Amino acid sequence: MAYILNAQNLDSNRTGPLAPYRVLDLSSAMALYCGKLLGDLGADVIIVEPPGGHPARALGPFYHDQPDLGCSLFWFTFNTSKRSITLNIETPDGQDLLRRLVASAHFLVESFPVGYLNGLRLGYGQLSAINPSLIMASVTPFGQTGPYAHWQTSELVGQAMGGIQYIVGDAERAPAQLGGLQVHLYGGIEAAEACLIAHHYRQDTGEGQYIDLGLQHGVAAGMGITGPHQSWDLNRVVFPRAGIPYDQGPIFGVAPRHKVVVPCKDGYFAMSHYRCPVAPLVDWMAPDGYQHLKERQWSSDTVDYLTREEREVLDPAVLDFLTTKPKTEIYRESLRRRLPWAPIQTPADLLSHPHLAARGFFVNVEHPELDTSFAYAGAPAALSETPWRLQRRAPLIGEHNNEVYIKEMGLSLRDLARFRAGGVI
Amino acid sequence: MSRALENIRVLDWTWLGTGPLTSLCLAQHGAEVIHVESDTAHDQLRHIGPYRNNVVDINASGMFEDNHTDKYGITINMNTPEARALAYRLVSICDVLVENFTPRTMPKWEMDYTHVRRIRPDIIMLSAPIYGVTGPFAMQLGHGITTPALSGLHHLTGYPDRPPAEIGNAYTDWISPHFAVSLIMAALDYRRRTGKGQYIDLAQFQASAHSTGTAILEYSANGHEQTRIGNRHRYYAPQGVYRCRGDERWLAITVSTDAQWSALVRVMGSPEWAQEPRFATFRARRQHHDELDRHIEAWTCKYTVEQLMAALQTAGVPAGVVASVQDLHEDPQLQHRRLYWRLEHPVMGLVAHSSFPFIMSRTPRELVKPSPLLGQHNDLVYKDILGLSEADFVEHLLAHALD
C-alpha cells in the first residue's frame, strides 16, 4: 500500500499541488529558488535565518537604492511564498529546536559548506534518525565529495567551470558571463526537481533520502545542447566562443555558424537561420530593393540548408535590410511570416509584452512596509487543477517566529523570551 | 538498486531540446519513456548532429544521443487513419504525456488535452511550446537559440559598450526542463492524493524569464533597466576573466570579501601596486577596475590557468578555469561526479552521455541504454507493452501507420 504523508499544519490559505508538505529552507543565496518554487507550488516553506537576518538580505539591488535589510530586491525575488523564523543553529538550544522542526518536515534544503552541518551534529545521518522519511537536499558548488568539494564558487566562477561561459562572447573580448543569475537559478530548480523525484519514491515506500547536488555538474550537464560536448567526444573538436567565425560541420544544417544578434533600427533582434523559411523572408524584403532575391531559385526552403554561396548573398542583404526596420515591425512580420526570430527584449519590453499580459504572467505583490506594490515574474506554467501562485511576499526577518514557535510548536512566551535573550532566536 | 520513477510510464512526443530533456530526467530516474516520432517527420535532433567525422546519419546524431538515452523509440505516422486509434491506445497506458510542438500540431492530430483526457482522464499532460499554448503570440515559432532574447536574458549578456554578446547555444533549453520535471512530479503527487490528472501549459518564454535574476523587480520597483556589465559584479571588485598562459586559456576570479582580496594579493606575491589606497576598499577597487584588471592580467598571463585556479582556491578565493568542453571531459571533479556515462551505441560505438547533476542516496540516476535508433522499439512497445497481436501489428505496418 502506498504511504501517503499527512497534511500537517496546513495553512488554509495556501493552495497548490504541494499544499500538504513542509519545507525547511536552510539554504544560502545559491539555492534559495528551491524553496521559492516549492512554496509557489503550495508547500509550507519556512526559511531559517540566523538572528539578525539571512546574509542574502544584504545583497543588492535594493528598493529605491536603500541598502537596508528590508529592501533587498534579491531577497524579494528569491523568497516569495516563504515564512521566516530566526534560529541560531550554532547553539545547543537552537539545534534542539531545529531537530524538533525536522520531525514535522518533509523536505530540508541546505547549502552550507561541505561538512558544516555534520560538525553541528545536524547532518543527514542525525536528522534522518529523527525523521526517516525526510528528504534532505544539499546544494554545494561542486558536490559533497571529490577533489574540489571544498572549493568556493560565485555566479561567474560557476558559469566558467560549468563550461557555458567558454562559448559565450564575441571574438574581440574575453568569454562573457551570461547576465541574470544562472547558477543561482540552477541551485534552486535542480534541487526542487530532485526533491520531488525523491518524494515520489517516498510516497511509494515511506523512505526518505539524501540528495547531493553539485552546481558545476548542474551547469555542465547542459553542454549537450547544440552539441559542444558531443563534438569533443566524437570528433575531438572544441567549439570556440560564439562570436568567432567557425564552420561547425553538419550542425544546424550544413551552413557555418552565423551571427544571432542583429542590430535593427532601434535595438537588437535575435535572428536564427534554423528552420527559417526563405520564401516569406525574401517576399518581405522584395519591395525594399531586394526583388532579385525573391526571383532567385534557392536550393532549399529553409535558410539553414542553403549553400554557402547562397548564404553569402542572403546574409548581408538580410542584415542591411533589418537595420532599416524597428523592432516592433520585425517582430510583427516574423510572427506573420513564421520566421523563428525574437526581439532582444529589455525588462521594460517584458513588462509591456501583450502576450505575457494576456497570459497573466506578471503578479503585482503588495509590500505594505514599503507602502507600495510592484510586479513579479509569475507562473512558469499554467496548471489546470493546481495553479502556481505567489502565496505571499518574501518574509521579514523572523516574521513568523510567534506563529511557528508558539502557535505550532507550543513554546510559551517565556520560552521565547529566554531564547531571544540567549541569542537562540 | 531500484530507481525512483520505475512505476511511471511517459509518452514522450517531443523533439529538439526542452521536451526531450524533460523526459530524459524522468528516464534517468527509472521512468519507462516512449519517444514518439515518425519516419515522415523525424525528431529534428537526428538532423542536427554532430556526427562522428561529420558523416551525416540519422541514427548517429550526437545531440539526439545525449537527449534520448534510456528511452524506447517508436514511429507512428499520424497522417494515416489507423494511427490515431493506435496513439490513443498508447495514451491509455501512460501516466504522463510530454510534448513541445507549436500549439497547432497536437490539436491537428486531435492529441490535445481535450482529446487525450477522454481516453485517460487522469493523465498528466505537459505542453511546452515557446509561448505556451494560449495567447496572441502562441503560434509564433521559436527555439532555444532565440528564447534567451525573448526572455530578457540576452539583453543582459555581454559588455556595456557593445551589442549583446553571441551566446552560441540553445541556452534556455537547459532551464525549462527543470521547471517541467518539477511540475510533472507535483502533479503526479496531486493525482496520487486526489485521483485527478491535469494539463500543464508551460511557456518556455515564462520559465526562462526567471533566469534574469533581479532585473524584473529592479524595473518594476525602481524603474531602473539593468543592462550588460561584462564579467564584472555590480557590487564587488575585482571580478573578471583574465588571460592565462596558452591559447584561449582564461581564469575567472570573484573577490567578494576583504579577506579574499588580501588572499588574492598574497597569492600574487604582494606586489607594490596592490598596497596603494586606491585598491584598499571595494568602492575604490570598483572605481579603478580597469587599472586593476590590467595589473591582474599582467600577473595571470605568466601562469597556467590550472596553477592559478588551484593556488587561489587553496587560499580561499573563488576562482576557476573558463572550461572548454575538453576541460569538462577531463575535469577530475566532474569525473568523480560521473557527469559523463559511456554507453555502447550500435552505430556510434562508445559515446559519452550527460547525466543529471543530483546524486540520490537511495535511488541514484542510472544511464543504461543508448538512445533508440529510429523505430527501434516498435516491436517491443506495440506488441509486448501495448499488446497488439502479430496480425494486428502487420496490418498497421502495411497501412503505413508505423512509418
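Here a colleague quizzes a modeller about a predicted model with chains A and B.

Colleague: Let's start with the two chains. How many residues of chain A are in contact with chain B?

Modeller: 133 residues of chain A are in contact with 135 residues of chain B. To count as a contact, two C-beta atoms have to lie within 7 Å. Helix α7 of chain A, residues 182-205, gives the largest share of A's side, with 16 residues. Sorted by class, that side has 79 nonpolar, 41 polar and 13 charged residues.

Colleague: What makes strand β12 of chain A and strand β6 of chain B a pair?

Modeller: Count the bridges. Pairing takes at least two bridges, and three join β12 (residues 381-383) of chain A to β6 (residues 198-202) of chain B. So they pass as a pair, and the two run antiparallel. If you want a spot to look at, A:Ala381 has B:Leu202 as its bridge partner.

Colleague: Which strands make up the sheet that contains β12(B)?

Modeller: Seven strands, in the order β3(A)-β2(A)-β1(A)-β4(A)-β5(A)-β6(A)-β12(B), forming an open sheet with mixed pairing.

Colleague: Why are β3(A) and β12(B) called edge strands?

Modeller: Each of them, β3 (82-86) of chain A and β12 (358-360) of chain B, pairs on one side only. Between neighbouring strands of this sheet, the turn averages 20°, direction ignored.

Colleague: And how do β5 and β6 of chain A run?

Modeller: They run parallel, with six bridges joining β5 (residues 135-140) to β6 (residues 209-214) of chain A. For instance, A:Ala137 has A:Ile211 as its bridge partner. Helix α1 (residues 32-40) of chain A packs on this sheet too, touching β1, β2, β3 and β4 of chain A, and its direction makes about 150° with that of β2(A).

Colleague: Now a smaller topic. What makes A:Ser81 count as buried?

Modeller: The cut-off is 20 or more other C-beta atoms within 10 Å. A:Ser81 has 25, so it's buried. Its phi is near 65°, a positive value in a residue other than glycine. You'll find A:Ser81 in the loop between α2 and β3 of chain A.

Colleague: B:Glu110 has a positive phi as well, about 55°, and isn't a glycine. Is B:Glu110 buried or partly exposed?

Modeller: Partly exposed. It has 14 other C-beta atoms within 10 Å, and with 20 or more meaning buried and 12 or fewer meaning exposed, that count falls in between. B:Glu110 is in the loop between α4 and α5 of chain B.

Colleague: Why do you say that the buried residues of α10(A) line one face of the helix?

Modeller: First, the residues: in α10 (residues 278-285) of chain A, A:Val278, A:Leu281, A:Val282, A:Trp284 and A:Met285 are buried. Look down the axis of α10(A) and those buried residues fall within an arc of 155°, so they line one face. They pack against α11, α12 and α13 of chain A.

Colleague: Which sheet does α12(A) pack on?

Modeller: Start with the sheet itself: three strands of chain A, in the order β7-β8-β9, open and antiparallel. β7 (261-264) and β9 (342-343) each have a single partner strand, so one side of each is left without a neighbour in the sheet. Four bridges join β7(A) to β8 (residues 267-270) of chain A, and A:Val262 stands opposite A:Phe269 there. α12(A) touches β7 and β8, making about 40° with the direction of β7(A). α13(A) packs on this sheet as well, touching β7, β8 and β9, and its direction makes about 20° with that of β8(A).

Colleague: What makes the bond from A:Gly60 to A:Pro61 stand out for you?

Modeller: That peptide bond is cis, with omega near -5°. A:Pro61 lies in the loop between β2 and α2 of chain A. In chain B, the bond from B:Gly49 to B:Pro50 is cis, with omega near -5°, and B:Pro50 is found in the loop between β2 and α2 of chain B.

Colleague: Last one: how is chain B divided?

Modeller: Into domain 1 (9-211 + 338-398) and domain 2 (239-324). Their C-alpha centres lie 43 Å apart. Chain B has 17 helices and twelve strands, and 58% of its 403 residues count as buried.

Definitions and conventions: Residues are numbered from 1 along each chain as its sequence is written. Chains are lettered from A and ligands numbered from 1 in the order in which they are written. This is a predicted model: local features need pLDDT of at least 70, side-chain atom pairs count only at pLDDT 80 or more; totals for chains, interfaces and linings use all residues. Ala, Val, Leu, Ile, Met, Phe, Trp, Tyr, Cys and Pro count as nonpolar, Asp, Glu, Lys and Arg as charged, and the others, Gly among them, as polar. Axes are lines fitted to C-alpha atoms, for helices over the stretch in contact, and angles run from 0 to 180 degrees between N-to-C directions. Domain bounds come from an automatic or database domain assignment. The arc is that of the directions from the helix axis to the C-beta atoms.
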